[in-house]
Each structure stands twice: as C-alpha cells, then as structure tokens.
Amino acid sequence: MTWQRKDLLGLQELTQEEIGFILETANSLKEISLRPIKKVPTLRGKTVALLFFEPSTRTRTSFELAAKRLSSDTINISRDASSLDKGESILDTAKNIEAMKIDIAVVRHSCAGVPQVLARHLKAAVVNAGDGAHEHPTQGLLDLFTIKERKRKISGLKVSIIGDIAHSRVARSNIWGLTKLGARVLLCGPKTLMPPDVEKLPVEVTYDIKKALEDADVLNILRLQLERQKESLFPSIREYRQLFGINHERLRYAKADVLILHPGPVNRGIEISCDVADSQSSLILEQVTNGLAIRMAVLYLLSKEK
Amino acid sequence: MTWQRKDLLGLQELTQEEIGFILETANSLKEISLRPIKKVPTLRGKTVALLFFEPSTRTRTSFELAAKRLSSDTINISRDASSLDKGESILDTAKNIEAMKIDIAVVRHSCAGVPQVLARHLKAAVVNAGDGAHEHPTQGLLDLFTIKERKRKISGLKVSIIGDIAHSRVARSNIWGLTKLGARVLLCGPKTLMPPDVEKLPVEVTYDIKKALEDADVLNILRLQLERQKESLFPSIREYRQLFGINHERLRYAKADVLILHPGPVNRGIEISCDVADSQSSLILEQVTNGLAIRMAVLYLLSKEK
Amino acid sequence: MTWQRKDLLGLQELTQEEIGFILETANSLKEISLRPIKKVPTLRGKTVALLFFEPSTRTRTSFELAAKRLSSDTINISRDASSLDKGESILDTAKNIEAMKIDIAVVRHSCAGVPQVLARHLKAAVVNAGDGAHEHPTQGLLDLFTIKERKRKISGLKVSIIGDIAHSRVARSNIWGLTKLGARVLLCGPKTLMPPDVEKLPVEVTYDIKKALEDADVLNILRLQLERQKESLFPSIREYRQLFGINHERLRYAKADVLILHPGPVNRGIEISCDVADSQSSLILEQVTNGLAIRMAVLYLLSKEK
C-alpha cells in the first residue's frame, strides 16, 4: 500500500491495513538508532514544529530525536514561551507557524480535539501527540509494535489495561489499535476511574484484578495520576495499591510469559512494584526505544508527497 | 552594491540603497522556503545566538528557522534560563557568548539601546530583534517587502499606521523605512498613544480614523497592548474599537485594493475585526512568510566577510 | 595513549597522563572554532543529551555548541520541562533518555554523586557538568588548559584559589587537577567558607589575602554566592570585599605576570574589581573560549568505540 492520509489524529479512524503499514515502516527504521551513525538524510530540508501546549519531556524528546535522526530541522514551541500569553488563539499560533513553511506540526494539548481542528485548517501534516483524554496514537502504535515484536502477532492475544481508564488517552488509543488487530481487550480499575461510555467500547470490563490477570498475555498498566486523589476519584493510594497494584506475588495469576507495559513515567510502588517494573517481563524501556522508531515512521510517511 | 555594515540596529540609520539591497536579497532567498528541500549550505559552520531577554515566540522562531534553513547552528538564550538571574550584566553575558566564537547575536530586550551597546562591544554582528519602543528593523523590512511585492513600488503610496504609536517599535521602523523609500506616512490613534516627539517625525498625524482610511493604499494596524489600559492610556477597549477598530464597514472608506498589515499577534475583534483579518486584503500570514525571507537575507548579509 | 574510561566524573580519579591527554586533545580541537567554517563531521549521527537538573546558561551553552561543532545531535532536558515534576526518579528519567539510544549524557545536579550513580547504571557515557559541591571536571580542565597555554607548564606554579572554597565544586576540581600536574595550591577565604575536611586536601591554607597573593603565578578567584550571606556564612559583602576582594591596588603584592582566572559569572566590584576583571592579566573570556575546546575534547574522547 501507499500512505494516503495527511494527518495522524487517532487510531480509531485508521484501518487495520494502515496500522500494519506504520508498524512495518517502523520496523525497517528501528535499526537506524542501533547504528554507530544514527542518522539518515531522508527528511533533510523538512521542518517539524513541536507544539507542546501541555508540558512533556519524553514524548517531545522522542519526536525531536526522531525528526533529527531523519535529518529534519525542528522547532520547539512550548506553552510558556508562546504568544498564547498574549491572548492569541491556538489556531492563529498554528497558522503563523505554518506561514513559515513547516511540513509537519506535532501537537499536544490538554483539550481533546485541538489537533483535529488544526488538521482541518492547516496544509501542513498534523500529528496528535496527545489531546486531553481522547487519543495518543503514537503511544498506541508503539505499544502494538512492542507486543508484536515479542509475540509475533496481536490477533488472539488477551490484553488487560489496568488503572485510570477514564482519563487515559493511552488506554483509548490502545483499545482501538488492539481490537482492530484482533486482540481481546479487558479493562480493569476502580469504578470511579472507568469512563461513562465504556459499554460502547469494544472491550470487556472487570473490577476484579484477578480476572484481569488470568490468562493475560499482556498487561498494560497505566500511570496513576496522583492528583486525581484530591478529586476523590479513588479512596487512597494505599487502597489503590492493595486492589490494583501489580507486584510479583499477584503476577503469579497471569501467564508465565506475560508482558508488562507501562507508558511511563512510573510511580514505583504504587501501580507497579519495583521488582515487576525491573523484571524480565517488563518492556517499559523497550517501549521507549520503539516509540522512537514509531515516530520516525510517522514523520516519514506524513512527509511524503501524496 | 556590497554590504558594509557589521550590524543591523535600525532602519533610521540605513540608506535607501541599503534597504533596497536587503529587500532584493530577501527576494532571491524567499523561494528556498518554497522548495521541497528547504535548506541551502550558505551558513554551514556559522553560529547564530538568539538572545531573547524579552519573551517572544514568533520572532525567535522566525530567526531560528531562517538560520537553520541557511544551515547555521543556533543557540537559544532566553531570559529565564540565563545567568542574568545570578546578577550578571547583559554585556558580560553577551561577551561570554561571543567568547564561544559566535558569528551573529540576535538580541531582543525591553530597554531601547541594548543592541546598540552590544554592537559597540562585540566583534560578532548584532541584529536588533526589537528594543523597547525604539526599533524592530526586521519587522519594518518585512512590511516593506510585503507592500512592494503587491504594489511593485513603495514610492508615492499612502500608508496609514493605526493604533498605539507611542509604544510601538514596529511603527518607528516602518516610519523610517517607508519614508526613505518615498511613501507618505500618516499616523492615527488616540492622543494618549501618540509619541511626544511626533512632530519631529517625517509623518502626518490625525486623530480621525476616516482621514487615515481615505485614499490609503496600505493600513498597518498595530496590536493594542491591553495591559496599557491599566495605565489609563486609553479609556476602554470598547471605546477604542468604536473609534479606531478596523472592520468591514469602515474599510469602505479606503481604496478598493487597500492592503491590510498587522505585526501580530492579532487581538481579533479589537483593533481588527475577524472578517477583515481573514479577508483577501489581509496580508498578515504573508508577512510571516516574508519575515523568514527577510531574516535569511539579514543573517546572510551580516555573515559575509567584509 | 588511548582513552579507556566510559565516563568523566571528576579529576580526583584521573591520572596525570589522562589529564594531559585531554588537554592535548583540546589543544588540537581549539582551532576549529577559529575557522570561518566552525564544524567538523566527527560526531555526525551521535546524540548528546544535556540533562541540566540545575539551571545553567554558560555551561549548557558551551556543551551544546561543543556537540554541534562536532556535528552531533543534541537534546535539551532542563529541570522545569522534565518528568521529574511527575515524581519520576532521576535514574528512571536517565534510563528513559538512554532507551532512545543516546551516546553521551551531560549531567548537572545540585546533589553530589548523581552523575556517579547514573554512570553506574547507564551504558551511555556520562559527563559530570557539576554535582553539588563535589566536582566540575570540565571547569577544572579548562582552567588547567588556560594556565598551561600561558605559562607553558603547570608544574612548580603557585596557584591561589580565593573565596568560598567550602561550597565550590570548581575549587575541588582545580585542587585535584593542579596538584596532579605538580602545582602548589593555596586556599584563601573566610574560615566559615573553608571546607571542614580541608586538612585532608593536598593544599596549604591561609586566611590572609596578602599571603595568597605573594609570589602567586595564578589567582583563581571564585564567585561569591551572595545568597550565602543569609546563612550568616560571611559577615557582609562590604567586609568580604575589604578582606578578600581583588582590586588593582592589592594586585601589586602578586607577581607582575600573575594570571587572573574566574569561573564566572563575575560579581563585579565584590570578589573582583572591574579594572582587574577587564585587565590584561584577566583570562576570564579566554577561559570561556577554552571551555568549548575542552568540552569538544571530552565529547570526542568519550564517544569513541573502546
């Protein structure tokens, strides 16, 4: 196939074939970062603008290195530095950046839908790097890539996503990506952290961590956003850990070759114990490595003339 | 001609020929940003330091991309990150940066005259990227470039600059540039926002917006700095809009082919209505594109061996 | 010799031969920054991560330019932007960055020992860019380089380090480097700013500024950290200046060809007078130029396959 879309906004809208094509492209680009000279001239003379209206180190860094390893120029526009302080709208900011002839805008924003609005109004390609609780498609793709690399396939696997599902764009991109590729997805977490529209999603739901672990091929453990506790969305960190925290003992309920994923940054000793985070089953750092390959693939595909 | 100056500090000191030479150079560099590969090796191995002691996204971004498209290395020194927190003087900071063998220092500062002081003490070329209410020469040049591209000439045009003239370095650079190239410049705004030395400037002044619009070839609408209201420099935003705001209806007093310029960021619905900002007459985004070409030209001319 | 170490953590652990080798390498790289095209392809396709958990402009800028002039890619991770806000440990942050296949991590942190911990856990080379009051090895190296360039040798010189020794990583790296290369080191400052373990260091101590100046070949004047006054570590700025400030008059006690070093940023008129800071004896800006060469040498040596 050839890539047709101008933008990457979410996994919900992608076909199985499109997702597979990005994963294949990432697979062929991954080895660039393993070379002594980690750089190819593919995007020389292109410009990638990193518009992070919500702070982020790891995702911004990953996109920035992905662009640089493809020899693209990059420009950082973070929230604090931006003209938004002067009352300018995000659309005006983005149109101004585009007028400097950028090729790709990577956008993170705390409101769902901002990348979609920008995509409609800009000629430049737009990559959603996380919008509110909506989607974080490159995170979903890197999770798929990491699972497939180990299990050789996605179809037929049981993947349990554990934690604060309601506020997680990572969960949402995973749900769409995994189910399109044929996995069985089970959500598990406190009732207060389950999204209200959960019955419309192509998933099973449980509030019992043992059921989430049983026969699971993959556990995708979400970060507990501790500031939610102030909103009384879960009773206490101690109780959360007791009910949903993944530790070595609890892991015995899962398959022996279960894979542990976590989008990071990890709250060690809360949603995941130190021994599990650092165990052989844990692919947390492999996810970071694969994230770079996925972002290289996305920037490459979106920069091609259509 | 060949370029002789070490620095670009303001348009007041430039000759008509020098201004024309920068515009021509920008004209030949503009198409680089329209190519699929937007990069030339002209400034490879040079270093441009961006010293922004006053926050700015668009000007800093424009200079940074201009430098990168000419293959220069860039280094960002923003106010917050700088050693100024440790009580060091701006001159010491600049001399330290220069000791790292930079070629060009692009300087923005809230005090008028800072780039001039640095230019006297540094061997590196200094570009004024805005100093207090004094000058913002690359903004003046990009405005000239944008007008000339559409009208084929500057000489004989009537250009009205509307708004807070007193505090505007954009207005000042425009006044010098436009009059040197033979335009007739008219200033319009509230009396409290007119500079005390206005009669010494080569301009006409009116407080009646209709007179500013009549027969105007170009309107350069300044950004209303809303924080000025606290200083009681104008009565209310509503009254300002009624007296000086440019909307579709008011625009009928101007020529049919009048051009609308604004240095951005725009306060939509205050100094300019949304329909005018987004109309065919508006060159606001074209100004941004041309700003990049102007900055490429300036960096190129100042980096040449003299 | 060939370079064997994975990391550069401090001068205390280096041999005389290793220090000499870095200085020689810097000497051969210094002229790159004096060329019209200040760039060599040596580190093309390498990635240097700048992890500054303590704010810094000049050291970060120096490392960033050093990396860029060797054609390395760079990535900035400053304290404010980082995931540390989200409660992640420094080790997790560093491991995450490393998972993106960086080659060298340059680390500054307010706690002594952080670079050592990272060096043990990362495959990437780690450069200590200042850790608490422990060491700042590239500053020590650039001071050695600057002295050697002028005096042709280090051995046999009398070097007096003046000021807040207790809190100075610069002093500590200088003490190790200078004594390993055969200099005689004398410390001078208020008793309250002398480290408790000073008798274990290979130095002489005096509280009399005249003794520090007599027969000195080099004065390394430390920055007075004015916030220490609140901790009552010295009586008043005026008294400090009277007792330990270096001015033109006091300089007559030293050798006629004494060299003045200061790590910057300078408190003009406090630890050093303006006339001394700007005199022929002062090498303050030369130190900055040499710092770039030292950092190029360190990045180059650590990036080589072992």
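The following exchange concerns helix α10 of chain B and the contact between chain A and chain C.

This is a predicted model, in which local features need pLDDT of at least 70 and side-chain atom pairs count only at pLDDT 80 or more, while totals for chains, interfaces and linings use all residues. Residues are numbered from 1 along each chain as its sequence is written, chains are lettered from A and ligands numbered from 1 in the order in which they are written, and side-chain values use heavy atoms, with hydrogens and water left out.

Me: Why does the span of helix α10 (residues 284-303) of chain B agree with its 20 residues?
Reply: The expected span is 1.5 Å times one less than the number of residues. That gives 28 Å for α10(B), and its end C-alpha atoms are 29 Å apart, so the two agree.

Me: What makes α10(B) mostly covered?
Reply: Buried means under 20% relative accessible area (1.4 Å probe, protein chains only). Of the 20 residues in α10(B), 17 are buried.

Me: Why is the pair Asp92(C) and Arg268(A) called a salt bridge?
Reply: The term requires a side-chain nitrogen of Lys or Arg within 4 Å of a carboxyl oxygen of Asp or Glu. In this pair the closest N and O atoms are 2.7 Å apart, so the definition is met. The count between chain A and chain C is 3 salt bridges.

Me: Which elements give two or more residues to the side of chain A that touches chain C?
Reply: They are α2 (58-69) and α10 (284-303) of chain A. The largest share, 8 residues, comes from α2(A).

Me: How many residues take part in the contact?
Reply: Contact means heavy atoms within 4.5 Å; 24 residues come from chain A and 23 residues from chain C.

Methods: Helices (H or I, at least four residues) and strands (E, at least two) are DSSP runs, numbered from the N terminus. Buried means under 20% relative accessible area, exposed over 50%, partly exposed in between (1.4 Å probe, protein chains only).
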